[in-house]
Number of protein chains: 4
Amino acid sequence: MSELEKGMRRLKWAESHMPVLGEIRKRFKKEKPLKGLKVGMALHVEAKTGILAIALAEAGAHVRLASCNPLSTDDSVALALKEGYGLEVYAKKGETQDEYYGNLNKVLDMSPDLIIDDGADLIAILHTSRTDLLKNVRGANEETTTGVVRLRALAADGKLKFPVIAVNDAKMKFLFDNRYGTGQSTFDGWMNATNLLVAGKKMVVAGYGWCGKGIAMRAKGLGASVIVTEVDPIRAIEARLDGFEVMRMIDAVKVADAVLTVTGCKEIISEEHLKVMKNGCILGNAGHFDNEIDKKVLDSMSESKEKVRESVEEYRLKDKRKVYLIAEGRLMNLAAGQGHPVEIMDMSFATQALAMEHLANNWKDMDKKVHTVSEEMDAEIARIKLMTMGVQIDELTEEQVKYMSGWEEGT
Amino acid sequence: MSELEKGMRRLKWAESHMPVLGEIRKRFKKEKPLKGLKVGMALHVEAKTGILAIALAEAGAHVRLASCNPLSTDDSVALALKEGYGLEVYAKKGETQDEYYGNLNKVLDMSPDLIIDDGADLIAILHTSRTDLLKNVRGANEETTTGVVRLRALAADGKLKFPVIAVNDAKMKFLFDNRYGTGQSTFDGWMNATNLLVAGKKMVVAGYGWCGKGIAMRAKGLGASVIVTEVDPIRAIEARLDGFEVMRMIDAVKVADAVLTVTGCKEIISEEHLKVMKNGCILGNAGHFDNEIDKKVLDSMSESKEKVRESVEEYRLKDKRKVYLIAEGRLMNLAAGQGHPVEIMDMSFATQALAMEHLANNWKDMDKKVHTVSEEMDAEIARIKLMTMGVQIDELTEEQVKYMSGWEEGT
Amino acid sequence: MSELEKGMRRLKWAESHMPVLGEIRKRFKKEKPLKGLKVGMALHVEAKTGILAIALAEAGAHVRLASCNPLSTDDSVALALKEGYGLEVYAKKGETQDEYYGNLNKVLDMSPDLIIDDGADLIAILHTSRTDLLKNVRGANEETTTGVVRLRALAADGKLKFPVIAVNDAKMKFLFDNRYGTGQSTFDGWMNATNLLVAGKKMVVAGYGWCGKGIAMRAKGLGASVIVTEVDPIRAIEARLDGFEVMRMIDAVKVADAVLTVTGCKEIISEEHLKVMKNGCILGNAGHFDNEIDKKVLDSMSESKEKVRESVEEYRLKDKRKVYLIAEGRLMNLAAGQGHPVEIMDMSFATQALAMEHLANNWKDMDKKVHTVSEEMDAEIARIKLMTMGVQIDELTEEQVKYMSGWEEGT
Amino acid sequence: MSELEKGMRRLKWAESHMPVLGEIRKRFKKEKPLKGLKVGMALHVEAKTGILAIALAEAGAHVRLASCNPLSTDDSVALALKEGYGLEVYAKKGETQDEYYGNLNKVLDMSPDLIIDDGADLIAILHTSRTDLLKNVRGANEETTTGVVRLRALAADGKLKFPVIAVNDAKMKFLFDNRYGTGQSTFDGWMNATNLLVAGKKMVVAGYGWCGKGIAMRAKGLGASVIVTEVDPIRAIEARLDGFEVMRMIDAVKVADAVLTVTGCKEIISEEHLKVMKNGCILGNAGHFDNEIDKKVLDSMSESKEKVRESVEEYRLKDKRKVYLIAEGRLMNLAAGQGHPVEIMDMSFATQALAMEHLANNWKDMDKKVHTVSEEMDAEIARIKLMTMGVQIDELTEEQVKYMSGWEEGT
């Protein structure tokens with residue numbers, strides 16, 4: 001099968017399992033809510049993202065797409081989007097730092113009206129080296145926790161120059177994408193990269209936010225003995241009562257068969273941890289940036305490194321211990337796997353699509369800060385999702401609605 | 001063993017497993033933050049509650065205690081609190097409606113300065129038949145979701161006459177008490193009441209809030225095949241992705257071996273459901289009030305009913321089907337079991353204790369509305385809890401703190 | 001409710017949830033397969049056992065019943081069997097060693113034709129102090145692993161004087177009773193005895209046979225962090241791949257919040273373990289005999305002990321550590337809980353009933369050794385169980401049957 | 001990375017995670033137990049198998065290797081075994097039926113002394129078209145349930161011409177390989193083939209033997225709502241008590257989002273099922289042969305089919321429903337994934353290695369039937385496995401050993 005054909009099939013397959021976005025696309029094709037607008041996107045360039053890009057084009061937008069991560073592009077899909085759908089795509093798997101930023105800048109060269117970002121690199125460039133383009137930008141969506149954290153910091157500094165919708169913070173996104181999406185796709189990456197058993201492994205999950213909860217839940221579901229590390233005491237207690245061991249990383253690495261980081265913070269695995277790490281430990285990251293595991297320190301402590309599988313490097317430390325790193329410490333679910341399951345991205349990207357439409361319609365009235373998605377938008381997507389799953393649920397009776405808003409009735 | 005001795009032992013046992021409240025009690029004994037204040041309490045009168053009442057007395061308060069539910073009192077503990085600790089307790093297991101309200105009024109007769117309520121019956125009386133006492137009330141804590149919902153409705157009507165702290169909404173409360181507490185204690189009630197197997201049963205859990213999540217999780221953990229009913233589409237999708245069946249109650253009751261309600265709403269099991277319910281179905285409730293299963297309708301549809309176990313009644317419907325009801329549809333975890341595990345109530349009541357102190361110190365400056373617990377209070381309790389569990393966690397380095405509040409660093 | 005009434009209700013309730021034995025009883029009442037035979041039974045005297053005793057009486061037998069454990073009798077049921085059903089019962093909760101053996105001997109005084117034993121104490125007496133009665137005994141059923149192990153040893157010594165059917169080894173018994181029965185009822189005992197949280201506890205399960213697997217599975221299902229100890233390397237690997245920690249007991253007790261023994265062997269918790277045990281550790285046993293936790297050593301190491309709950313004793317060790325023992329180290333699921341769930345015992349006791357009938361019909365042709373239950377008997381009980389659950393399963397087509405017994409068809 | 005390099009790395013990686021076989025190889029290299037013997041192998045030709053082949057060569061054997069399945073070869077590994085290790089390998093991914101049998105015959109052309117088979121195709125050829133070679137064959141190992149069933153049938157027909165060791169029936173094989181191996185690798189195949197979400201899917205698992213148990217357990221662990229189909233009533237009850245729905249396939253396919261077959265029988269999904277199957281259902285097989293899903297009927301009911309992903313075909317039925325088939329109905333864990341995790345095959349192939357040695361030493365004294373692996377061999381492998389995991393377990397004291405073999409000590 002040719003690369004193009006492979007990519008086309010992956011797109012078609014994704015499309016046929018994205019019914020929520022599908023319902024929205026039907027309307028977008030008719031109503032053209034993005035007519036004449038230029039949309040610059042930086043997302044993981046793979047099949048599900050492709051369907052979102054197509055949806056925006058169908059809504060009337062002129063779309064340019066780059067990757068938000070140097071390792072996460074599915075080249076067959078990039079090709080298919082270009083040759084099969086005529087979209088402007090600037091991305092390849094395995095970009096150098098220069099190529100990566102070059103591609104982001106090509107997206108910006110179109111002087112976009114609207115932005116979809118994932119991790120906030122595109123928006124950060126706009127606020128630093130490409131400030132000339134700011135005046136044309138009406139608003140942006142941000143896909144992920146890390147990006148939202150960065151943009152809240154930017155807004156807190158008083159420097160954010162257009163309204164941003166935190167798509168990540170929609171219930172229909174973070175409850176599902178961050179938890180069930182990351183949970184499954186991290187082990188897609190794991191299995192693909194290592195072909196190693198999960199059952200019986202002592203697996204350390206760093207971070208017990210929604211993503212960490214998802215990974216820990218799936219690690220347990222696959223038979224691992226899970227250890228959680230946290231800095232938040234409440235989450236730590238939650239992890240403990242969920243049946244996991246909780247300890248400091250410095251203690252965890254001594255017994256760890258594997259460490260998976262997903263904190264959104266940097267230097268989670270640093271020199272002090274590497275010094276006492278169990279021989280043979282496998283390191284992977286599912287957080288947005290590749291700075292959770294300190295690769296510089298790992299390099300400096302090693303006498304050699306070698307690629308031992310397509311997505312695994314073996315570091316031989318000077319004291320003869322070995323440490324394995326999956327996908328250069330980049331998002332292992334995308335760099336070593338196929339990313340989140342299609343049905344998950346269907347919900348996330350349905351949110352992206354409606355948020356884009358909202359920005360196009362309302363940007364003038366929106367403050368230059370980080371906005372959350374409205375309850376109505378969340379509910380609308382949930383309603384479509386339930387319908388496409390064929391699930392029926394109860395509705396409150398009038399009597400019950402009244403009861404829930406009263407205070408008189410008691411024991 | 002005499003009732004008194006039994007009650008004393010239950011109190012001692014609870015005390016020895018409530019180290020978080022224990023730390024706070026050490027300080028309270030010294031600092032006497034409630035000195036000279038009258039505290040009127042309506043909580044489930046059992047061992048853990050007893051320790052909270054003792055803690056408040058140690059803090060200098062004059063305490064009166066009634067039950068917040070006619071079936072949830074542990075008589076041995078009530079006796080021990082009276083005879084062993086000299087507290088004023090007005091409660092017994094199996095109160096009539098008159099006795100129940102009589103006891104609440106006895107608590108109010110002291111003209112309390114501060115209130116601890118659970119379900120808001122005490123506060124509702126204050127705002128209706130005992131309005132004369134309102135002027136003396138400085139504030140109140142509310143323990144449970146149902147009470148908070150009622151009080152928010154009261155405040156929305158503009159009628160709430162003193163500040164209320166929604167102890168229920170503290171993370172250290174709802175994340176643990178509502179989920180792990182309700183999850184375990186509901187099955188304490190189940191096993192005690194029925195001696196029936198959970199594994200292999202089709203168990204319907206009505207409501208997928210924190211309590212429902214806890215019950216569904218434990219039902220699954222004990223081997224049941226779980227069906228969830230919900231009115232909220234997002235929670236419904238969550239339940240489905242957690243591996244549970246989701247359907248309308250009218251469909252669920254046709255296949256249900258058991259239905260456990262925990263919605264905080266009324267008439268969850270009503271006539272239409274009873275008409276098509278599977279023969280032999282067992283009904284239980286873990287929500288605050290006994291109106292989730294419509295007992296009036298159940299009575300009217302039955303030709304007879306009989307107590308077939310200490311906490312189970314068999315209803316013989318006119319069409320010869322049988323339906324079993326646990327603990328008269330009242331909170332089965334307390335009415336048929338021993339209530340939440342001690343360690344859970346340690347966290348919840350540590351929050352109660354600190355919230356009481358906060359009210360005593362700050363009531364004058366607090367609006368007459370429903371307040372949430374501060375992040376600091378949550379964090380303080382979490383810190384003590386971790387310490388008493390002997391669990392150590394990581395702390396952010398200065399570098400990491402800076403990184404988390406910056407936006408410049410990207411790919 | 002009077003004790004008699006309570007017992008009668010418990011029996012009725014059990015009866016209504018034992019449909020498999022119910023089907024067999026219908027036939028027994030007509031066919032009277034045990035007509036004129038004296039059946040001596042030693043089982044845990046509680047409601048489910050009561051229904052078995054009634055079934056045997058209905059089959060025409062003259063029945064005497066004692067308890068197989070000094071702490072496991074439900075006095076209300078014993079009373080109801082005597083006064084409500086006219087059965088000869090010699091049992092009470094909390095027998096001394098003398099009373100216990102006295103009651104077993106009263107059962108034997110009838111010179112039984114058939115025996116149902118649980119743990120093999122009755123059969124051991126017959127082979128030592130009551131050998132005069134041996135000539136009249138046609139055969140026996142043995143209920144539990146421990147009894148089967150003892151009787152195999154007796155047979156291996158060439159001393160077994162009548163055929164024994166190892167009811168325990170029937171698939172319809174050990175796959176369900178030992179695993180799901182013990183799993184649930186142990187936590188019935190735990191909750192009832194302690195009211196302590198399972199979630200987040202480090203719980204050591206000693207033994208990973210069917211019973212241990214059941215307990216570990218339920219401990220995990222209730223949120224514990226489980227450690228397994230084993231002497232069998234294959235089971236140890238199984239436990240590890242099931243996601244549990246595996247270590248030596250001497251290491252496990254240092255971190256254990258609780259230790260539950262279910263090995264069928266003695267001195268699982270001995271002096272060396274008690275010496276290094278974590279302060280506050282809770283000990284419970286679900287194995288047949290009360291010798292898994294060495295109580296003599298525990299006594300000798302303690303400066304005092306006190307009953308701190310109805311079924312918990314606190315041992316104050318001389319070095320000031322405390323250790324808690326549930327139900328005197330006897331079967332905690334029966335001594336502190338209500339024993340296995342009714343539906344489980346329905347399957348086990350259906351096997352007992354059919355095995356009794358088999359002995360009555362075939363004892364003359366059976367060797368004086370330990371026999372297993374036939375595949376046909378297992379299948380018959382399974383068929384009835386599925387039918388009473390309303391579950392339909394597939395059947396092999398003729399074509400498939402042929403395929404499964406051929407070797408020619410390949411890739 | 002070149003194909004050869006990729007294959008070499010996969011072999012090295014496998015080797016470094018196969019310490020149990022590693023220990024055996026150390027001895028084999030010294031003792032050369034297979035010196036001068038010709039070993040013909042038909043196994044899935046991928047990295048772990050490669051290490052077994054190398055181990056046998058190191059033991060002195062002359063090895064030829066073909067694949068036991070037309071779709072399961074990892075071409076990069078086949079290349080590496082040939083070019084990097086000089087082994088004779090006859091296998092490629094995607095063999096036609098003719099190529100497949102051609103390759104098996106090439107293995108036989110060497111006139112092997114010993115055979116390792118997987119599914120019994122090689123042995124079936126020897127007993128039909130290549131009977132001339134039988135006289136030279138000393139014995140064979142069989143790897144999988146399906147092969148063992150076929151060979152037992154062959155032996156029952158009195159036609160088996162040499163002793164066979166059922167490696168599959170070793171505890172260290174079926175308890176781990178069939179359960180945890182199949183469980184994980186089936187979802188490696190699922191994720192790789194479909195990129196679809198497991199959570200929330202209604203997944204039917206056909207067959208609840210060890211493999212089916214493994215798949216059902218992992219489906220649940222990944223969030224699916226699992227339905228089991230069975231023909232054995234006892235296993236059906238087990239599945240139900242494990243929390244799964246149990247029903248007939250004809251009922252299950254109406255609600256199934258996916259059906260995974262792993263029965264070892266044929267026509268599990270046949271015309272009657274396809275007629276009522278839910279639109280969009282995904283079919284996969286993890287049983288040995290590709291006859292569990294009836295492809296002929298599927299073809300005849302379809303108006304077209306198309307490859308929609310690398311390992312998924314879409315069948316468009318004449319009534320417009322769609323059905324998806326993974327990997328042509330062949331073993332999806334190997335044809336669409338990388339096969340069992342390395343550590344699992346380490347245990348299975350350690351058993352293969354010791355069983356080969358056993359045959360080489362004892363073939364003359366072994367009956368021409370299907371033999372099981374000795375307890376000692378199982379225990380030896382378990383011992384090495386525990387050692388390489390760094391897990392220590394308890395040992396029985398002398399006192400305990402004596403107790404376990406006695407019958408005198410009772411209550």
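Helices and strands are taken here as DSSP runs, numbered from the N terminus. With that naming in hand, a tour of this predicted model can begin with its backbone and then move on to how its chains are arranged.

In chain A, the loop that joins strand 10 (258–261) to helix 12 (271–276) contains A:Glu267. The phi angle of A:Glu267 is near 60°, a positive value even though the residue is not glycine. Most residues other than glycine have a negative phi. A:Glu267 has a relative accessibility of 28%, and because partly exposed covers the range between 20% and 50%, A:Glu267 counts as partly exposed.

A positive phi also appears in chain D, where D:Lys320, again a residue other than glycine, has a value near 80°. D:Lys320 sits in the loop between strand 13 (312–317) and strand 14 (322–326) of chain D. The relative accessible area of D:Lys320 is 59%; exposed means over 50%, so D:Lys320 is exposed.

Turning to the assembly, two copies of a chain are related by a rotation about an axis and a shift along it. For chains A and B, a turn of 180° with a shift of 0.0 Å along the axis lays chain A on chain B with an RMSD of 0.0 Å. This is the relation of a two-fold axis. Of the interface residues of chain A, 100% are also interface residues in chain B, so these copies meet through the same surface.

Chain B can likewise be laid on chain C, by a turn of 180° and a shift of 0.0 Å along the axis, with an RMSD of 0.0 Å. The C-alpha of chain B nearest this axis belongs to B:Gly221, at 1.8 Å. Here too, 100% of the interface residues of chain B are interface residues in chain C, so the copies meet through the same surface.

Notes
Residues are numbered from 1 along each chain as its sequence is written. Chains are lettered from A and ligands numbered from 1 in the order in which they are written. This is a predicted model: local features need pLDDT of at least 70, side-chain atom pairs count only at pLDDT 80 or more; totals for chains, interfaces and linings use all residues. Side-chain values use heavy atoms; hydrogens and water are left out. Helices (H or I, at least four residues) and strands (E, at least two) are DSSP runs, numbered from the N terminus. Buried means under 20% relative accessible area, exposed over 50%, partly exposed in between (1.4 Å probe, protein chains only). Copies are superposed by least squares on the C-alpha atoms of residues with pLDDT of at least 70 in both. Contact means heavy atoms within 4.5 Å.
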